[in-house]
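Work through these exercises with the structure open beside you. Try each task before you read its solution.

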Amino acid sequence: MPVLGMTKQDLRLLGNLVRMSLSDRYMGSILGRFWAVMHPLLLLGMYAFIFGFIYKSKLPGAETTFAYAIWLISGFVPYLAIQDSLGGTTSCVLSSSSLVKNVVFKSESLPVAATVVSAVPFAVGLAFLFILLLIDGNYPTWHVVFLIPTIVLQFAFLMGIGLFLSATAVFLRDVVQVIPTATLLIVFFTPIFYTVQMLPAPVRTINFFNPFFQMVQPYRDALLSHTVPNLWGMGYLAMISLVMLYAGFKYYNRLKGYFEMAL
């Protein structure tokens, strides 16, 4: 049975593309794929150390700065996937131009594979977060089950937007240059370093419709507060993710017939 319009052969190709992407990313380095683990750990460790122990930021009602470090990482973990996915999908067709022009295959596998690759730093970060929670004595409760639909919807949204970006970048190369700035804006305009309660009430209302906020907040609700995430927020994320995924495939398939002329 086809998955996302892909046959078993397409899925095998997808698996090979994921392995190739990981190999190419760390080609020539001594530690190789070990960097796939080290990069997110070093990044999360740096943020935790700077904001938790140098600036000694504290959450309202929390007694230690370690609580803020965990809170920060819980919001930064989903952002790792967002940053890696947007950066990888945007240039994936351009960087594989010879493959697209000379091999007959479903080229939408390229942005899909780039999205799957972004699950690697995300998984490393999530494991690191669970370790910190255990060290802090904040053991997961049954609310952790809400992370499953959140993760599925998050990657569905990223896959959809990745299809849009990868197809657009073939004809408008400036998109590749815009993405680093866009991901920087996402991290500062989404309550990751600061709490949503710090925003003015009107901005808080607008922020509800920020899909990246709806990807981040359930991690904090389920893992730190041990509460059920906002179901309206999850419903909104489900709607926008499915629409983005469907529209992304339609948009990509409409443009891919013209790729050879632009590459």
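**Exercise 1.** Find the residues that Phe 193 touches, leaving out those up to four places away in sequence.

*Solution.* This is a predicted model. Start at Phe 193 and collect its contacts, counting heavy atoms within 4.5 Å. The aromatic residues Tyr 47, Phe 51, Tyr 68, Trp 71, Phe 76 and Phe 188 are on the list. Leu 72 and Val 187 complete the set.

**Exercise 2.** Where does Phe 193 lie, and is Phe 193 buried or exposed?

*Solution.* First, place the residue. Phe 193 sits in the loop between α8 and α9 (201–207). Next, take its relative accessible area, which is 15%. Buried means under 20%, so Phe 193 is buried. Then look along the chain to Trp 71, one of its contacts. The two are 122 residues apart in sequence, yet their C-alpha atoms are 8.8 Å apart.

**Exercise 3.** Describe helix α8: its span, its kink and its buried residues.

*Solution.* Begin with the length. Helix α8 covers residues 174–189, 16 residues in total. From first C-alpha to last it reaches 22 Å, close to the 22 Å expected. Now follow the axis. A kink of about 30° is centred on Pro 180. Finally, list the buried residues: Val 175, Ile 179, Thr 183, Ile 186 and Val 187. An α-helix has 3.6 residues a turn, so residues three or four places apart point the same way.

**Exercise 4.** Which residues do ring pairs link to Phe 193 in a cluster, and which residue lies over the face of Trp 71?

*Solution.* Trace the ring pairs. They join Phe 193 with Phe 76, Tyr 79 and Phe 188 in a cluster. Then turn to Trp 71. Arg 220 lies over its face, at 3.5 Å from the ring centre.

**Exercise 5.** How many aromatic pairs are there, and how are the rings of Phe 208 and Phe 209 arranged?

*Solution.* The count is 14 aromatic pairs. For Phe 208 and Phe 209, the ring centres are 5.2 Å apart and the planes are at 85°. Planes over 60 degrees apart count as edge-to-face, so this pair is edge-to-face. Check accessibility next. Phe 208, at 23%, counts as partly exposed. Phe 209, at 48%, also counts as partly exposed.

**Exercise 6.** Is Leu 22 buried or exposed, and what separates it from Ser 118?

*Solution.* Locate Leu 22 in helix α1 (residues 8–25). Its relative accessibility is 15%, so Leu 22 counts as buried. Now go to Ser 118, 96 residues apart from Leu 22 along the chain. Their C-alpha atoms are separated by 9.9 Å.

Notes
Residues are numbered from 1 along each chain as its sequence is written. This is a predicted model: local features need pLDDT of at least 70, side-chain atom pairs count only at pLDDT 80 or more; totals for chains, interfaces and linings use all residues. Side-chain values use heavy atoms; hydrogens and water are left out. Helices (H or I, at least four residues) and strands (E, at least two) are DSSP runs, numbered from the N terminus. Buried means under 20% relative accessible area, exposed over 50%, partly exposed in between (1.4 Å probe, protein chains only). Rings of Phe, Tyr and Trp (its six-membered ring) pair if their centres lie within 6.5 Å; planes under 30 degrees apart count as stacked, over 60 as edge-to-face and the rest as tilted. A charge sits over a ring if NZ of Lys or CZ of Arg is within 6 Å of the ring centre and within 35 degrees of the ring normal. The expected span of a helix is 1.5 Å times one less than its number of residues. The bend at a residue is the angle between axes fitted to the seven residues ending there and the seven starting there.
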